[in-house]
Protein chains: 2
Amino acid sequence: MSAEIITIGDEILIGQIVDTNSAWMAQKLNEIGLQVKQISSISDNRVHILETLKAASERADIILITGGLGPTKDDITKKTLAEYFGTGFRRDEQALENVLQIFKNRGPVLEMNLEQADVPANCSVLQNKNGTAPGMWFEQDGKVYVSMPGVPFEMMYMMEEEVLPRLQQRFNFTAIVHHTLLTAGIGESFLAKLIEPAEEALPPHIRLAYLPKPGQVRLRLSAYGENETLLKAQVETAAKHIMELVGEYVIAVEDKPLEKVVLDFMEQRQLTLTTAESCTGGYIAHLLTQHAGSSAVFLGAAVSYSNQLKQDMLGVNPAVIEQFGAVSEETVREMAAGALKAFHSDYAVSVSGIAGPGGGTPEKPVGTVWVAAAGPKKTITRKFQFGNKRLQNIERSAVSALLLLLKLLQEEHA
Amino acid sequence: MSAEIITIGDEILIGQIVDTNSAWMAQKLNEIGLQVKQISSISDNRVHILETLKAASERADIILITGGLGPTKDDITKKTLAEYFGTGFRRDEQALENVLQIFKNRGPVLEMNLEQADVPANCSVLQNKNGTAPGMWFEQDGKVYVSMPGVPFEMMYMMEEEVLPRLQQRFNFTAIVHHTLLTAGIGESFLAKLIEPAEEALPPHIRLAYLPKPGQVRLRLSAYGENETLLKAQVETAAKHIMELVGEYVIAVEDKPLEKVVLDFMEQRQLTLTTAESCTGGYIAHLLTQHAGSSAVFLGAAVSYSNQLKQDMLGVNPAVIEQFGAVSEETVREMAAGALKAFHSDYAVSVSGIAGPGGGTPEKPVGTVWVAAAGPKKTITRKFQFGNKRLQNIERSAVSALLLLLKLLQEEHA
């Protein structure tokens, strides 16, 4: 069984947006054991859509389509699907109900909006709880076609709540079992070298993938076969072998992001956290507060972008900034200490750096970042020299601060 | 003249990486007046590569290929291109020189590495100054094929230094002119209804696209033709027509994100900003500080996630929280006033809400959000009732706060 993804919309083809939907969908399909053969991005062009549908259906069994379902004239996916299947339209009652429900809080509803509930007669409708465009499920000649909105969160909920469960029900996929280990503090190639014996011992139906992110590498074992119980046991054994070789670098034995590892560790021990952020500009706080229940651990953050606010919010001594600069070990120490004192948390992390592109000097070029992690017993600090890309520097700084905090936590709460 | 992009490699199809190369390439091609018809991502599979090359050459004049040029066995792009063109290999002297040069600093060179300099006999070589895999330029039946490494910075450098200049020299491209208007505070369908007369008056070579995001819709006019000066004038006229119809909703007449609109507006008037964030958890601060130079406007943020920190950082009266709750008009007013006072900024925005999934009550269900924007003269507030998805609520709250601030700014600095 294989799948293809077709994304429809000019904005990808003119490079205005990066197509993040396809990677997310491919990952989800992979997780349920479906291989993706091709991802095609095409514009809102009738002939091209028809040709692409035909070509995809000749290669794959399942065709997932996103985009082109808006109410405006440039969106032609629905019309073109009806043409492809040689069918007319019907107004779907449930989809209409959904449109009216959404507009109840928005004001008057236009005919154009009501038409969102018109669907090709041969499809079954997938409800869209987050927008007015319904999803559509078609079957023809043993192939399944699913059309979804291109708005990421609408597509994601529809995939998770409707499409993936239906696909699993409709087809009998090979069983697939994944097991992920999150490592930090070691590069991909060094990790690979250490893991070699375990990797070479893997049976052919178990694959190991290296998924690197800044400062971290996820190791994902995937086993394909018939007997899920057996696969689980085999993957467990393989994971155990890897743990014996690189266990010291493993910070989580499940697939969760670094900040969630920190939150879970602290919540289990009823510890609280605050952050004092300069160059990360609130990004660490944002990472933490993305997670439901983070308020049990995270009390708040001082984003002290200006030097004045470093003094006012965190009590950093102006003489320290004067003498050592805002980007210095001394300043991040004072920031972390200030957060502990002012906000009464058990732990605090602080970051100060030059994210760029401006602000660098010969002594402290763009990418120079100091981080500190402070707890009841001690404060540890580290300096980094990243590159000259602002967004990357912000992300790497946040990851480095969280890793430093985790190190301190593990030392003090082994 | 049109182009297609083919990216070759398993990592995109299993969702391991997001294909950022294609968007970058599409943007560069667009800038020189080349329309991209399709972007196809396929795996390292010989038959599939051959079929995809053939299909692309039937639709487009220029086919850009990335990936599959590494020295290991799984990389088969070069071999498959030789098969596609029915040619053998030659060792390229300059490419060999480059490989040897790179390995001079790396250590011993393997036969596998020397073979990087072997190229199909019919191509001309594009030097790769950042890696061992040379780029390759093919011409056949009036079509151009270019094969490049998939490593982003190797590809980018090769595109800018070699591929784009050669394409411009080889072909005479149609001009392409884009013009974007950013609207806020009106839904896509209502906007379309109002714009209808302007849209219907558009000549066929000018297209209008609606690009919606939470709380905003970008309108993009694209004109294709021979005479760039004429196209610019025509797009200007069309944009003016749209402005006459929906000008009150237009917050920017160029393609930039909402938070940058706010930053630019404030920087031009030398105004400063702070944020007081509860449910957005630092996300507004993060949006602002993504932009280089934001420190000219943005002083900092108090992320007061706990009620205690709302008092300690912002001086919110505990009796107000007690009486009206943390999610209330009264509390966001106090938060914004507190930020102005404590951090000495000209303006402040504040947000308090229930992001979910927990924490809702019958009176204040999940998705209830209050925002305030405060300046030297007055404070305005607004209540929203969003849905039950945490990340979406965080994003919508941030957008709503920025829009409310922009409204206040425009009122007070018309």
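**Exercise 1.** How far apart do the C-alpha centres of domain 2 of chain A and domain 3 of chain A lie? Describe also where these two domains touch.

*Solution.* The model is a predicted one, and the domain assignment divides chain A into domain 1 (2-170), domain 2 (175-252) and domain 3 (258-412). The C-alpha centres of domain 2 and domain 3 of chain A are 31 Å apart. Their contact takes eight residues from domain 2 of chain A and eight residues from domain 3 of chain A. On the side of domain 2 that touches domain 3, strand S9 (175-184) and strand S12 (250-252) of chain A each supply at least two residues, and that side divides into five nonpolar, three polar and no charged residues.

**Exercise 2.** Is strand S14 (residues 298-304) of chain B enclosed or open, and which strands pair with it?

*Solution.* Begin with burial, for which a residue needs 20 or more other C-beta atoms within 10 Å of its own. Seven of the seven residues of S14(B) are buried, so the strand is largely enclosed by the rest of the structure. Next, look across to the other chain, where strand S14 (residues 298-304) of chain A pairs with S14(B) in the antiparallel sense over five bridges, and Ser304(A) stands opposite Gly300(B). Then turn to chain B itself, where strand S13 (residues 273-277) pairs with S14(B) in the parallel sense, over five bridges; here Thr274(B) is the bridge partner of Gly300(B). Gly300(B) thus faces Ser304(A) and also Thr274(B). Finally, S13(B), helix H11 (residues 283-289) of chain B and S14(B) make a right-handed β-α-β unit.

**Exercise 3.** How many residues does each chain give to the contact between chain B and chain A, and how does the side of chain B divide?

*Solution.* The contact takes 64 residues from chain B and 64 residues from chain A. The side of chain B that touches chain A holds 33 nonpolar, 23 polar and eight charged residues.

**Exercise 4.** Which peptide bond of chain A is cis, and where does its proline lie? Which residues of chain B have a positive phi although they are not glycine?

*Solution.* Most residues other than glycine have a negative phi, and most peptide bonds are trans. A cis peptide bond, with omega about 0°, joins Gly356(A) and Pro357(A), and Pro357(A) lies in the loop between strand S15 (347-353) and strand S16 (368-374) of chain A. Among the residues with positive phi, Gln270(B) has a value of about 55°, and this residue is exposed, with 9 other C-beta atoms within 10 Å. Phi of His344(B) is also positive, near 55°, and His344(B) counts as partly exposed, with 14 C-beta neighbours inside 10 Å.

Notes. Residues are numbered from 1 along each chain as its sequence is written. Chains are lettered from A and ligands numbered from 1 in the order in which they are written. This is a predicted model: local features need pLDDT of at least 70, side-chain atom pairs count only at pLDDT 80 or more; totals for chains, interfaces and linings use all residues. A residue is buried if 20 or more other C-beta atoms lie within 10 Å of its own, exposed if 12 or fewer, and partly exposed in between; C-beta atoms are placed from the backbone. Helices (H or I, at least four residues) and strands (E, at least two) are DSSP runs, numbered from the N terminus. Two strands pair if DSSP finds at least two bridges between them. A crossover is right-handed if, with the strands pointing away from the viewer, the path from the first strand over the helix to the second runs clockwise. Two residues are in contact if their C-beta atoms, placed from the backbone, lie within 7 Å. Ala, Val, Leu, Ile, Met, Phe, Trp, Tyr, Cys and Pro count as nonpolar, Asp, Glu, Lys and Arg as charged, and the others, Gly among them, as polar. Domain bounds come from an automatic or database domain assignment.
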